[in-house]
Amino acid sequence: MGRAGTGTGVAAVAVAVAGPLLLLLLARPPAAAGDSRKSDIRLVSEQFSQSPQKLSFYSWYGSARLFHFRVPPDTVLLRWLLQVSQGGGPTCANVETTVYFRYGAPPVINPLGTSFAANTSVQPSFLIKMLQSNSSINVSHPAPGDWFVAAHLPPSSQKIEMKGFIPTCAYIFQPDMLVVRVVEVSILEPDIPFPQTLLTHPSYLKVFVPEYTQELRLELQGCASNGSLGCPVRLTVGSATLPSHFQKVLTCTGPVQTCLLLLPSPPWDRWLQVTAKSLAGPHVLVAFSIVAALTACRPWIVSFQHLLQSSPNQSCNTSTHLLSPSPGYQDLSRGSTVGGSPFCLRNYQVMREDMDVMSVHFRPLDRVSVLVQSDMPSVMRLNLNTGMDSGGSLTISLWANKSVISNNTLVLACVNAASPFLSFNASLNCTTAFFQGYPLSLNTLSRKANLVIPYPETDNWYLSLQLACPQSPEECEKTSVLVETTLSLVPCLNDCGPYGQCLLLRRHGYLYAGCSCKAGWRGWSCTDNSTAQTVAQQRVATLLLTLSNLMFLAPITLSVYRCLLVEASVYAYTMFFSTFYHACDQPGEAVLCILNYDTLQYCDFLGSGVSIWVTILCMARLKAALKYVLLLLGTLVFAMSLQLDRRGAWNMMGPCLFAFVIMVTMWVYRCGHRRHCYPTSWQRWVFYLLPGICMAAVAIAIYTSLMTNDNYYYTHSIWHMLLAGSTAFLLPPRDKHAEPWACSQKLTCHYQICKNHREELYTVT
């Protein structure tokens with residue numbers, strides 16, 4: 001069974017196991033409530049699917065697999081069909097899969113239980129945990145627009161495994177979206193009663209809420225059931241969103257004929273779904289009229305003078321049709337009216353300046369500060385509805401000068417999506433009709449306020465500010481405060497800090513950002529230091545991984561001593577690039593990169609593989625021509641295989657096993673040809689070969705099965721030392737007739753006395 005967990009608003013969501021008849025049931029629209037014999041002809045069903053993705057064990061946000069869907073308008077039922085298929089053989093066990101759902105933006109998840117950065121506001125994500133292969137989720141009256149699904153396996157074990165060395169299990173996840181939408185929707189016109197009759201099927205309506213609507217009033221009038229008084233009607237207003245939703249449900253069951261629902265600050269500039277359903281039971285006729293009344297909010301739009309002088313790369317989200325000669329700061333008198341109707345908000349035009357991918361700056365036009373007074377809120381609109389802004393983080397910073405805030409003065413602020421919060425005098429919870437906002441405040445003790453919203457929903461966002469004096473309201477009438485704002489959308493907060501890397505992730509055409517942390521730092525923005533390494537630990541780790549490569553000086557010296565110059569060159573190459581690769585690979589402050597990181601990594605992997613290759617071929621004691629041909633061919637094969645897959649285990653083990661077969665073949669041939677064990681000396685076996693083989697076996701065991709992210713610095717340093725030590729033990733001895741350092745002596749330049757044995761003459765050369 002799937003287990004469901006959520007923060008708020010679970011009433012509209014049901015979790016069920018998908019049976020074999022699920023697709024057949026979804027092929028036709030479901031029957032309306034109260035009538036199971038025939039379907040509602042106004043409903044049609046559609047199905048959407050995306051290509052499956054292979055799931056990963058969770059370590060950071062990039063481990064989760066993201067799916068992006070778009071729900072069409074007028075949808076009354078949304079069903080997610082979730083399928084997890086398993087591959088890799090019968091040895092693979094069932095693994096719990098966690099699936100998240102969110103409307104408007106990718107879900108903000110925290111499977112590791114890490115802490116977020118200061119001033120970060122995060123809503124709990126709606127999720128289910130799947131242990132079986134199929135599950136389904138139903139959402140009634142979903143909001144139209146972008147919906148996101150993210151899935152991952154349990155947190156990773158931190159063990160470093162070689163690719164292809166151990167059989168891996170593949171878990172493939174695919175969500176399908178099936179929707180049922182209405183093709184005939186009645187439109188409510190403001191202040192015009194719309195008669196309705198309910199019998200078996202619900203009634204689907206919608207009303208358009210224009211911009212600057214202060215309140216929406218829905219009223220049921222003249223309600224009667226089979227000629228008797230009473231109004232057994234349930235009215236559902238709004239759409240469901242995840243992780244939370246604020247659908248309004250009005251149940252009219254009393255004897256009164258009038259039923260009323262007030263919605264303050266409804267979502268602006270969009271259609272609002274309204275569903276009326278009879279509660280009187282089957283075959284009972286319910287008649288009523290529904291009236292939608294809109295209360296307009298007259299904005300005081302602060303004029304600007306430099307819109308025409310804006311740079312070409314700046315776009316302004318203004319409503320130019322509402323612009324009229326408007327006053328500046330000095331003309332904003334309190335209680336101003338136009339035509340006898342008072343203003344309800346002071347609207348500051350905001351310029352959107354696109355800097356880069358998911359990098360946007362917002363600033364008020366023609367000024368830096370925003371005037372905040374107590375008579376009406378000052379509102380700024382942030383345009384985040386391009387469809388490509390929900391993958392970053394919205395940062396809001398407010399600052400007021402200490403000299404302009406008195407002891408009894410508060411600057412209250414709310415950040416909301418879809419519509420601004422306007423009722424500061426009545427409440428301070430920042431709740432609009434369908435959205436719970438984010439509150440901020442400034443006072444004499446705290447003159448700065450910051451807010452970070454990761455992955456903001458695709459919508460117009462509003463910042464509302466108003467002055468309040470709880471102890472002496474009359475003092476606010478004479479006070480004005482200038483508040484400086486810093487509003488921006490960034491891919492990652494503070495670019496993930498010094499111990500993280502901000503990476504752009506892509507799912508088809510959708511881009512979103514995530515932080516990949518290092519040096520033990522964790523969290524959404526790499527700010528959780530509960531497992532972080534200290535600077536001293538980072539330096540010790542760097543010294544271990546770099547200085548351990550000095551063990552290669554032993555095989556280099558022995559190779560030169562025994563006149564194995566090619567082998568000595570390979571070992572020197574490996575020591576050099578392994579040292580500087582690990583100096584560049586370190587997180588935090590102890591980092592030194594002499595070349596591009598990818599180049600250093602490639603050279604390190606190439607040197608390690610070729611070092612093993614030349615050592616085994618050297619032990620085979622081949623003829624010089626054949627030996628050097630195999631050395632060159634093996635190096636080329638290593639270069640090709642590492643370019644194909646740098647992390648593949650068999651790309652390195654394959655050529656090494658081939659060299660090992662050549663060595664064993666040559667040793668067996670010599671044993672048969674000489675009729676004596678090869679190598680012939682027992683001292684060679686006891687003091688050189690057996691220690692070298694043991695060190696190599698321990699090194700391979702550590703490299704393949706013991707390394708984790710936590711002990712990497714120590715185990716990999718031991719791997720360096722064991723690899724270099726085993727190479728020194730396994731190198732074959734020099735020829736009996738060769739002098740020590742013979743190769744270095746041949747490089748000197750001086751006169752030598754050479755003897756011609758045939759003519760027994762001495763010449764000076």
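Begin by selecting Q53 and L66: a polar atom of the Q53 side chain lies 3.0 Å from the backbone oxygen of L66. The model on display is predicted.

**Around Q53**

Keep Q53 selected and show the secondary structure; the residue belongs to strand 4, which covers residues 53–54. Is Q53 buried or exposed? Its relative accessibility is 15%, so Q53 counts as buried. Next, display the surroundings of Q53. With neighbours within four places in sequence set aside, its contacts are R65, L66, F67, Y171, I172, F173 and R507. From this group, select R65 and draw the C-alpha to C-alpha distance to Q53, which is 6.9 Å. In sequence, Q53 and R65 are 12 residues apart.

**The disulfides**

Now select the cysteines. How many disulfides does a search of the whole structure find? The search finds seven. Three of them are visited here in turn.

Start with C492 and C502, whose disulfide has an S to S distance of 2.0 Å. The link of C492 and C502 is right-handed, with 75 degrees about the S-S bond. C492 sits in the loop between strand 37 (481–490) and strand 38 (500–507), while C502 is in strand 38, so this disulfide ties together parts that are 10 residues apart in sequence. On the surface view, C492 counts as buried at 8% relative accessibility, whereas C502 is partly exposed, with a relative accessible area of 22%. The cut-off for buried is under 20%, which is why C492, at 8%, counts as buried.

Move next to C496 and C515, which are joined by a disulfide with an S to S distance of 1.9 Å. Which hand does the disulfide of C496 and C515 have? The torsion about the S-S bond is about -85 degrees, so this disulfide is left-handed. The link connects distant parts of the chain: C496 lies in the loop between strand 37 and strand 38, and C515 lies in strand 39 (residues 510–517), 19 residues apart. Both C496 and C515 are buried.

The third stop is the pair C517 and C526, a disulfide with sulfur atoms 2.0 Å apart. The link of C517 and C526 is left-handed, with -95 degrees about the S-S bond. C517 is partly exposed, with a relative accessible area of 26%, and C526 counts as buried at 5% relative accessibility.

**C671 and C694**

Select C671, which is in no disulfide. Where is the nearest cysteine sulfur to that of C671? The sulfur belongs to C677 and is 4.9 Å away. The cut-off for a disulfide is a pair of cysteine sulfur atoms within 2.5 Å. C671 itself is partly exposed, with a relative accessible area of 24%. Then select C694, which counts as partly exposed at 49% relative accessibility.

**The nonpolar surface patch**

Finish with a selection of W682, V686, F687, Y688, L690 and I693, and switch on the surface. These residues form a nonpolar patch there, and together they have about 610 Å² of accessible area. Within the patch, pick out L690, which lies in helix 9 (residues 682–706). How does L690 count, given its relative accessible area of 43%? L690 is partly exposed.

How values were computed: Residues numbered from 1 in each chain as written. Predicted model: local features only at pLDDT ≥ 70, side-chain atom pairs only at ≥ 80, totals over all residues. Heavy atoms only, no water. Patch = residues over 30% accessible without salt bridge, like charges linked within 9 Å, V, L, I, M, F, W, Y side chains within 5 Å. Areas by Shrake-Rupley, 256 points an atom, 1.4 Å probe, with all protein chains shown as cover. Salt bridge = Lys/Arg side-chain N within 4 Å of Asp/Glu carboxyl O. Helix = DSSP H or I, 4+ residues; strand = E, 2+ residues; numbered from the N terminus. Buried < 20%, exposed > 50% of the residue type's maximum accessible area, 1.4 Å probe, protein only. Contact = heavy atoms within 4.5 Å. Polar contact = N/O pair within 3.5 Å; in protein donor to acceptor, adjacent residues only side chain to side chain.
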